[in-house]
Amino acid sequence: LGGSISRALQQMSNATIIDEKVLNDCLNEITRALLQADVQFKLVRDMSTNIKKIVNLEDLAAGHNKRRIIQQAVYNELCKILDPGKPSFTLKKGKPSVVMFVGLQGSGKTTTCTKYAYHHQKKGWKPALVCADTFRAGAFDQLKQNATKAKIPFYGSYTESDPVKIAVDGVETFKKENCDLIIVDTSGRHKQEAALFEEMRQVSEATKPDLVIFVMDSSIGQAAFDQAQAFRQSVAVGAVIVTKMDGHAKGGGALSAVAATKSPVIFIGTGEHMDEFEVFDVKPFVSRLLGMGDLSGLVNKIQDVVPMDQQPELLQKLSEGQFTLRIMYEQFQNMLKMGPLGQVFSMLPGFSAEMMPKGREKESQAKFKRYMTMMDSMTNEGNTNPKIMTESRIMRIARGSGRLVHEVMEMLEEYKRLAKIFSKMKGLKIPKKGDMSSL
Ligand code: GDP
Ligand code: MG
């Protein structure tokens, strides 16, 4: 998608005069690309109309970079769709909240319930899982297995067949145990939609959830809008989680789901494992969707703020898909200094919100320093390859840096996470100096 949109914008910038026809051709190309990425037809049409209104060719003074203005307009419009302007819920730590998960079978509810619980557990919540899926054979075992792995209390039954009763009993049980995040997993039976929606209504009625999260598989394509809307009409969906963003899904469905539910996307699932789960950030997502911002925007930013002599090497490495421990180390150093690169990297998904939360800079700094002493210890050991990790090596690094084994493992996880993000930069075209207009 990013490719076709930048190609469309490129073609336009090659034109000597940007007139109505050139703009229309460009918008048509962009429209086609968005439809291919599964953004709903009506959304795309409205967006195109809005952009035409915004980009009033006659009003643009000569010398304005029209291509950039159009690109910005596309970006802004997509951000607007993804930001319904309401965080429709606030859950409070320490106060018992009930969160109900809904979505079709196979969308990733059970997996996502655990990821969600685990994410909050790490942040000091006391989550619990309730399996109210009595429809799918093995549903309780699956939840039980996930919950056990994450050490999260769970509730369910092999014999009770009434999902409402299980949900109510589970919620009651965990309220008594002072859990503050009680998560109810539901059934998502296929091809029996009427019965499913009725069941959801009943579970919702009986458990009075503080938040209903709609889980959607990102690969369902153009069906996203209608599916999300159908759920929205039966239960009060307050947030969306889009799963399987690691696959070949194009992600446009997320926009459609937000538009249909008028609720924000709060997380995305990027794999089957517990920690393959990211807080959703509108801007980097749209950038990724357009294939522009976080990559070419990053190049822009690097060229703006990094001293000339330091640019080529870093860009070269990133475009080769290299993200070494050395680079991570240097970027941590930069972030500690909050030098120019600190700003650059804080634009990237993965580096931003998670690692340097506003107001908690002190903690983040302490964390970077901790990571760096462990990395130092790896260097002293003469082996910086984090791929070769044995138990004894991890213990040596922990001893060498005076840290705990689980802290070393956390640092390595962080490295893996960042390396995965940066691997997406592989193949990034590095523009020659003075040729920034080609981005
Ligand atoms: P449910 O029927 O809605 O409860 O869906 P499940 O949680 O059972 O998930 C269905 C399948 O999707 C399982 O094989 C999961 O491992 C897989 N899955 C869930 N989330 C993700 C994700 O973000 N990425 C990938 N690759 N697989 C996922
Ligand atoms: Mg399930």
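1. Two strands are taken to pair if DSSP finds at least two bridges between them. In this predicted model, strand β2 (residues 127-132) and strand β4 (residues 181-186) are joined by six bridges and run parallel. Within this pair, Leu-129 has Ile-183 of β4 as its bridge partner.

2. The pair belongs to an open sheet of eight strands, whose order is β3-β2-β4-β1-β5-β6-β7-β8 and whose pairing is mixed. The edges are formed by β3 (154-155) and β8 (277-279), each of which pairs on one side only.

3. Two helices that pack on the sheet deserve attention. Helix α8 (residues 193-207) touches β1 (97-102), β2, β4 and β5 (211-217), and its direction makes about 175 degrees with that of β1. Helix α9 (residues 224-234) touches β1, β5 and β6 (237-243); here the angle, taken with the direction of β5, is about 155 degrees.

4. Which residues are the closest to ligand 1? They are Gly-108, Lys-109, Thr-110, Thr-111 and Gly-269, within a surrounding set of 17 residues. The greatest contribution to this shell, three residues, comes from helix α5 (residues 109-122). As to character, the shell comprises 13 polar and four charged residues, with no nonpolar ones.

5. An unreviewed UniProt entry carries the annotation "domain: SRP54-type proteins GTP-binding" for residues 264-277. Over residues 264-277 the model shows 43% strand and 0% helix, and the C-alpha atoms at the two ends are 16 Å apart. Gly-269, listed above among the residues closest to ligand 1, may be viewed alongside this annotation, which covers residues 264-277.

Technical notes
Residues numbered from 1 in each chain as written. Chains lettered and ligands numbered in written order. Predicted model: local features only at pLDDT ≥ 70, side-chain atom pairs only at ≥ 80, totals over all residues. Near = placed C-beta within 6 Å. Helix = DSSP H or I, 4+ residues; strand = E, 2+ residues; numbered from the N terminus. Nonpolar A, V, L, I, M, F, W, Y, C, P; charged D, E, K, R; others polar. UniProt positions renumbered as here; feature names shortened; annotations may be inferred. Contact = placed C-beta atoms within 7 Å. Axes fitted to C-alpha atoms, helices over the stretch in contact; angles between N-to-C directions.
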